[in-house]
Amino acid sequence: SQACTACADACLSEDMVADLRKCIRSNLDCADICETTARVLSRHTGYDANLTRAVLQACIQACQSCGDQCEAHADHHEHCRICAEACRACQEACNELLASIT
């Protein structure tokens, strides 16, 4: 979430910000979904496996999309490279957790 938010902010400061609109949107969507996923997963009472699976799947998809967007700009923007790496790591962690509860 923090890497995506930082990337969106850095994209907004780039000269060609119009070319980064889709990346910024993806960053913000991914940050929101990651943040929500973390909050849902940190609750210890009233565990709902179906809801947990759904938020993990959403997080996996958001990280995939954001990672793809940022990878497209990684050669030109260091913040996009860092964000893409963070998205891939989060995606992998969510996949592992999803596999353990399925």
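Ala31 counts as buried, because its relative accessibility is 5% (buried means under 20% relative accessible area, exposed over 50% and partly exposed in between, with a 1.4 Å probe and protein chains only). The structure here is a predicted model, where local features need pLDDT of at least 70 and side-chain atom pairs count only at pLDDT 80 or more, while totals for chains, interfaces and linings use all residues. Residues are numbered from 1 along each chain as its sequence is written, and side-chain values use heavy atoms, with hydrogens and water left out.

Back to Ala31, which sits in helix H2 (helices are DSSP runs of H or I with at least four residues, strands are runs of E with at least two, and both are numbered from the N terminus). Leaving aside neighbours within four places in sequence, Ala31 is in contact with Ser1, Cys4 and Thr5, where contact means heavy atoms within 4.5 Å. Take Thr5: Ala31 and Thr5 are 26 residues apart in sequence, yet 6.1 Å apart in space, C-alpha to C-alpha.

Those contacts lead us to helix H1, residues 2-12, whose buried residues are Cys4, Cys7, Ala8, Ala10 and Cys11. Seen down the H1 axis, they fall within an arc of 165 degrees, so they line one face of the helix (the arc is that of the directions from the helix axis to the C-beta atoms). Gln2, Asp9 and Leu12 are exposed on the other side of H1. The buried residues of H1 pack against helix H2 (21-41), helix H3 (49-73) and helix H4 (78-101). Cys4 gives a good view of this: not counting residues up to four places away in sequence, Cys4 touches Asn27, Cys30, Ala31, Cys66, Cys83 and Cys87.

Cys4 also turns up in the largest nonpolar core, which has 23 residues. A nonpolar core is a set of buried Ala, Val, Leu, Ile, Met, Phe, Trp, Tyr and Cys residues joined through side-chain atoms within 4.5 Å. The members that touch the most other members are Cys4, Cys11, Cys30, Cys66, Cys70, Cys83 and Cys87. H1, H2, H3 and H4 are the elements that give two or more residues to this core, and the largest share, seven residues, comes from H3.

Now for some other residues on H2 and H4. Thr37 is found in helix H2 and is buried, with a relative accessible area of 4%. Its contacts, leaving aside neighbours within four places in sequence, are Val55, Leu56 and Cys59. Asp32, also in helix H2, counts as exposed because its relative accessibility is 53%. Over in helix H4 is Gln91, which counts as buried at 11% relative accessibility. Gln91 touches Ile60, Cys63 and Gln64, not counting residues up to four places away in sequence.

Last stop: the largest pocket, with about 170 Å³ of space. A pocket is an open set of points on a 1 Å grid over the protein atoms alone, with protein on both sides within 12 Å along at least five of seven lines, and lining residues have an atom within 4 Å of a point. Its lining includes Val40, Leu41, Arg43, Tyr47, Asp48 and Leu97. H2, H3 and H4 are the elements that give two or more residues to this lining. By type, the lining residues divide into six nonpolar, three polar and two charged.

Technical notes:
1 Å grid on protein atoms, 1.4 Å probe; cavity = no way out; pocket = protein on both sides within 12 Å on 5 of 7 lines; lining within 4 Å. Points joined across faces, edges and corners; volume = space filled by probe spheres on them. Nonpolar A, V, L, I, M, F, W, Y, C, P; charged D, E, K, R; others polar.
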